[in-house]
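Reader: Could you walk me through the rings and the buried parts here, please?

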Amino acid sequence: MKSFQYIIILLALGLCSCNKIIDQLPESNLSTVTYFKTIDEVQAGINGCYNSLQRPLQYEWQLTELRSDNTKMGVPASTASGNRDFSDLDMFIPASTHSGIYSYWLTTYNNIKNVNILLQRLGVTYDPAAGSLTMSPSIDIPMSDSIRKQMAGELLFIRGYHYFNLVRLYGGVFLVHAPLTPTDAKTINRSSVADIYKLIEADLKAATTYTSQLKFSQIIAANVGKANAWAAKALLAKVYLTLNRKPEAVTQLQDVITNSGFSLQATYANVFSITNEMNSELLFTVRFKSGGLGLGSTFGNDFGPLNSGSAVINGSGLGNNYPTNDLDTAYVATDARRPVSLAVYGTGTAAKLYVKKFLNPVTISGDGESDWPIIRYADMLLMMAEAQGYSTTSIGYINQVRARTGLGNLPATVNTVALFEQALSNERRLEFAFENQRWFDLIRFNTTLTTITAQQTIKNHFAKEYARHYAQYLAPTPTLAELQSYVTDAHMILPIPQHEIDTNTQLKIDQNPGY
Amino acid sequence: MKKLYYFMAAFIFLLCNAASAQQTIKGKVTDQATGEPLKGVTVWADKSKAGVPTKDDGTYTIIVNAASTSLTFSYVGYASQSIAIGGRKTIDLKMTASLADMADVVVIGYGTQKRSSVTGAVAKYKNDQMNETPSSRLDQALQGKIAGVAIQNVSSEAGSEPKVRIRGLSSIGASSAPFVVVDGQPSDGLAFVNMADVESVEVLKDAASAAIYGSRGANGVILITTKSGKADKPKYSLKFSIGEKDAYKLYPMMTVTEYTKMLFDEAALKATDPSITPPTGNAIASSPERAAYVIEQTIMGGVPTDWQASALRKAQVMNIQLGASGGTKTVKYYFSGGYQKDQGMMYHSEYERFNIKGKIDAQLGKKVKLTFNVNPSYIKRERPSTNFIDFVRFQSYLPIYLNEATAAFVRQSPLYPDVKAGDFAQARYFNGRVYTGLMPDGSNWVNTTAIDPFSTANNTPKSAMETRTITTNDYRLLTSGELTINILPGLDFKTLASSYVIFSNGLDFTKRNSARAGDVNKGVYMNSNTIDLLSENTLTYAKTINDHSFTVLAGYTAEKNRTKIDQVTGLDYPSDNVTTLNTALTVDNDRENTYNNRFTWGLLSYLGRVTYAYKGKYLLNASLRADGSSYFGEGHRWGTFPAISLGWSAGKEKFFSNVKWMSDLKFRGSYGALGNNRIVGNAPYDLLYSANYPTGAANGTSALGQVSGRDLGANPLITWERTFSYNGGLDVSLFKSAVTFSLDVYQSKTEKLLLRQSTLAFTGITQFNNNIGKIQNDGIELEVTTNNIRKKNFKWSTSANISHVKNKVLQLGDEALLLNQGERTELYMNKPGAPLIQYFGYKTDGVWLSQADITAAQAKGLTSTLSNVFVPGGLKLVDLNGDNKIDVNDRTVIGNPYPDFTWGITNNITYKGFDVSFMFQGSQGGKLVNGDPNYNETKRYNRNYNANRWLSPKFPGDGKTPYSTVGFNWMLTDYVVEDASYYSLREVLVGYTLPTKWIQKVHMGSMRFYFSAQNLFYHFGSNYRGINPEARFNTGPYNTPLVDGYQRGSFPLNRTFLFGVDVNF
């Protein structure tokens, strides 16, 4: 009978000691339940949001440069599915299921989610009806008002930047301004373009007042790279220009030009040099860092020449974002910007163009140092010219930018509105080549310039490239007429990813026309 | 350790002791019905310690203590009998077979039960001595043998596990793999069970049987009982088999020469079609195609490369198993050791396993019994770094290695001055050159521009495969001890403690320039470490009072499992030959590549069961289990899972004894609830991930960053998924057990499905875990065994099983339907009222025969917003909703992956020393989505996609086969939905057992030789264009049960030939 007693004891022991084993918190990761509760933790969250600006850039060039006259898909004979996806964008026939269109959307909205979680912790809310932001009087996290504003301002800058890209690419998107449960998401339909711009304006305006107003030279080393008031003003100016609210754009631009302390670099190469990062021309950049940290830029390899082994960059290039011949020949031979922006690999019939702007030596494939400029000072000058239209002052702004290219002033023959607009468009194209500006410029020109239209530019580009490129496509080879017929008004914006339409089974989501 | 010595000592002592004797009894044991001698019957004398087995001729000789008064004869499948000795020196006995298999003891959760008392749906598979399958893997051995257990070889790679599903899918979000228990210890699948050690396998199919496993029984339970020693003289066994496997079928790919000829032949035909402009120049064959042809004809000298063959080999398989077992009445032992080697058909695919098992059962006095089990194993595995499809897709014009001539040609390029004969050839070596030469039609192709015949930056699959090695080493140690204490008569306390330790280390080393030129070399070191600790404690009370017999079980169990995974990625090594991390230039600090992860889960359970039988005829079984799981958040952790089942052994009723033709009849019925918690860990929490960012001046310094999860969202309310199921069964035995059959009908409903639900991407995530919806499975299973011939020297029996299961989604929360995308944007729909997965896309109606055909349709107002819809020779999409507009609204259901039924038939024939068995197995009615045609290379060069294809209005082929490169994307249509049905002669086995008299001369027990062959014959479904209808993708978007049925570039089926020998002595 003794053994029976032991068993009772054993059983009792077993029963009480075990409850702990089913109480397990995540061991390998922090979670939103426990984190973002102190200043340092919110700062780590903001760093994470900056980091998450990198991912959409992986796809942005496909949706912008590739569709513009700057670049094309490099290997027309290829039928690999990745290359076909590029071709679809290049030729204006992407399906609503296109993977690049979906990935850009997802990665952008993912960062909007990150931003919204932190804005909620900082007590910042947006009222879509009023189009205004409110900051709650107090929050749980002990911090000074100025720190709270600086943090909120940086986050609002990032959110405004994301929505500005989304609305220009997809039209009226879904307005997500606070953390969202999957259930609530189903009740949200697309917003109007105007409502999206309302948020962008509110976010960027708040960013201009919340974030640091210090001049370039006064920014302390630790704060270099953070969104500041000048970056917000610069971006806001571009928003106004896009909306054809020129006077408001001029106000912001004038402020940046006069007061920011940001300025042009002496040489074009200096702007992109990896030994001169965060220079006075860069109002805001998405930063990359090499050294096996997982923070490297892949663009050197992505855009490097295909099949070049280690001749150009370690680990070869993929030949993506292939510069058009049209762009190459648009550069005057002596233009100092050409050797920085693009280069040729191979000789004779095998010669291949490639994008050089973000290409620097790497030890390991995809681990480059080059930052990605989002908005820079040269853009301030050229936007001023664009906002003010044909005038001597405007030509003066363009000439400031041309001063370091070795080309000198615009010739005096640029003496009509049409020629001025042509010159401005061309200047922007060459200055910002491969910086994902060209597509947005072309679309914007439709409202800000009288003589340049996106559709005509693209059609002309097809005609110029047809014989040497598009005629090389395998059966069925598109005819030039067909190619040009794809360039329609409707195709100036992308389709809403089919995933969103298929997944919401409660609301009918309208697709953009033409898809 | 000390205790082990005692066991050993005790065991040796007992062995020695067994010899003292005073009386010899001889005799012969035969079968009552057939008169055949019975071999292996255990003969015991009371008051004596050891028993003896009967020999092959049924005779035995036992030396017994003078005090002994009776002999007991026991034999599996026969009723045990005790015979008084009464001074006799010879005792012959005719034993009566119990009703075929029905008197067996069946292992159920936490105990055993007589087969005749089973009230649920439990299938038993015995690893019979004679006709043992030569398969070294248990999961393969079970294929086609048990109704309701579907085993599919989704990959033919060496050592890869087949997919096992019991009664279809009960869960969709959580795992659907059955729960495997080896000798009471939960195990991580069937792969690590050594077939030779298996005594029997029980499959608990219905809820009532599995409910005692509560939360883990939802997908059915597979209970494995390993062999134990028997009280007998030491027995040794040796099993050896060796064989070879090769591909049953390869993709029918054309060489570049054949392909180019086909294009020119087509052009010649098209030239005779007045309705089209005859193709010329590039419209016949593009410049890269022409260049490839020129290379193959001139530089390659007309000898194409067979890339598929370069990936494959005749693979060797070998299996050696040694065993020793025996014991006395008080201590029994079983030891085994084995080595298995299984080469994959693809190079760099190999699986080697060493395993040892030791099991000791000891009666430690009158009241205490101990079982000790130790089972170490070592598995070494190498996996190929390249997919087979990469070889299939590759064009024949490229050589594998450069020879003198080709190297000289490549060196003419300024880019590759250093290549030499013997180097791997790469596509880029042939790029950027000017090619010109004769075409198949005799014309001279003159070209002046540089051409890239194949514009890839990737190295060839063969060179990539040979320069990357992926190896893992798994070390496993399963140790368990079980103590049973008999407290009072009928009351037993049993406690089991076990630990299962898995240590795994792997190295994935990629040499310099492996995938592409300029790639640095890279080493990925992966260590993982899992410890699973289990304590099970049960009290069992069994009592019979007159006609009433009860068994009551109560217990609790606690299990904790802790896993640690470390991965370090090193980059840039000075040499490809020294692969230690010390020599690497840098460690990749990206948290995706270098990390350390930990995860712990715990499960706490209370369980109880009552079984009651009245007169052995009226049976009741009720159980209850409560489980608490760490997978869920506070307040959502506990689930309770009850079950009840009833049985009526009508065959034992008096009125039945007059029915001569029916030997037995039993009705069973059950109802039970089960749970499932097998989702990804940490589902209740919104996890943060490392996302550092360079901050500060100049190049910046990396600063700490954290962001919320990118793909999977959190759900703090997540809790148990529950399955409720009914089972009705009937067991019948006819004509003195000549025919037996079991029929089971069931229905199960699963609620609160643990579903990885898709969500709108604008929330920033794509999926989250949720408890939504209900699905239902209805099924019927039939197993029939007939003993066709039961002669002394000639036996023939047939067992067949067939099962049908139909699943249906009842509800998906508030979702009208879910659409999930596969890797090629093909869609999988989940919709209430329909089978769980349905392929969703466009219906096609052949191809557009001509432009006129299209114009006519468009004249009637047909339009489309989709691209490439109106192309002659392209697929003709059906305007399903009749709105004259082909758009996304015309998509519909175009098939589902579920077979109508699956079946297996096994015949066993023995004639004297010969034994023959053959098994057919098949699946009928399922469909699959074939992803091969997504690749243009596959479509163009594969004969299956080109036979009878449309060429021009005058040559429309069969009017159904599109021209491979034109028109609408095939992947979105029913054109790639193919019949996955198959039947195969899965296994043929011919064995011969040497006559006992020969064997005994060399002092051996028995010796058998056999040959076996697998997949000798395999029949594919009608419109299937691939090479392995069982292959499925289960990674990427297919790593969820909501998306299934897709294959791409499947690995070939293997055909295996084995020779083996089994020796016992």
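Reader: Over the ring of which residue does the charged end of Arg168(A) sit?
Author: Happy to help, and do keep in mind that this is a predicted model. The charged end of Arg168(A) lies 3.5 Å from the ring centre in question. That ring belongs to Phe164(A).

Reader: And how far is the charged end of Arg949(B) from the centre of the ring it sits over?
Author: Here the partner is Tyr963(B), and the charged end of Arg949(B) sits over its ring. The distance to the ring centre is 4.1 Å.

Reader: Nice! How are the rings of Tyr828(B) and Tyr839(B) arranged, stacked or edge-to-face?
Author: Aromatic pairs come to 70 over all chains. In this one, the ring centres are 5.8 Å apart, within the 6.5 Å cut-off for a pair. The planes meet at 85 degrees, and over 60 degrees counts as edge-to-face. So the arrangement of Tyr828(B) and Tyr839(B) is edge-to-face.

Reader: Which strands of chain B does that pair link?
Author: Tyr828(B) and Tyr839(B) are 11 residues apart, and the pair links distant parts of the chain. Tyr828(B) has 0% relative accessibility and counts as buried; Tyr839(B), at 1%, is buried too. Tyr828(B) lies in strand 45 and Tyr839(B) in strand 46.

Reader: Is helix 3 of chain A largely enclosed or exposed?
Author: This helix covers residues 54-63, and seven of its 10 residues are buried. Among them are Leu57(A) and Trp61(A), and ring pairs link Trp61(A) into a cluster with residues including Phe86(A) and Trp372(A). With seven of 10 residues buried, helix 3 is therefore largely enclosed by the rest of the structure.

Key
Residues numbered from 1 in each chain as written. Chains lettered and ligands numbered in written order. Predicted model: local features only at pLDDT ≥ 70, side-chain atom pairs only at ≥ 80, totals over all residues. Heavy atoms only, no water. Phe/Tyr/Trp six-rings, centres within 6.5 Å; stacked < 30°, edge-to-face > 60°. Helix = DSSP H or I, 4+ residues; strand = E, 2+ residues; numbered from the N terminus. Buried < 20%, exposed > 50% of the residue type's maximum accessible area, 1.4 Å probe, protein only. Lys NZ or Arg CZ within 6 Å of the ring centre and 35° of its normal.
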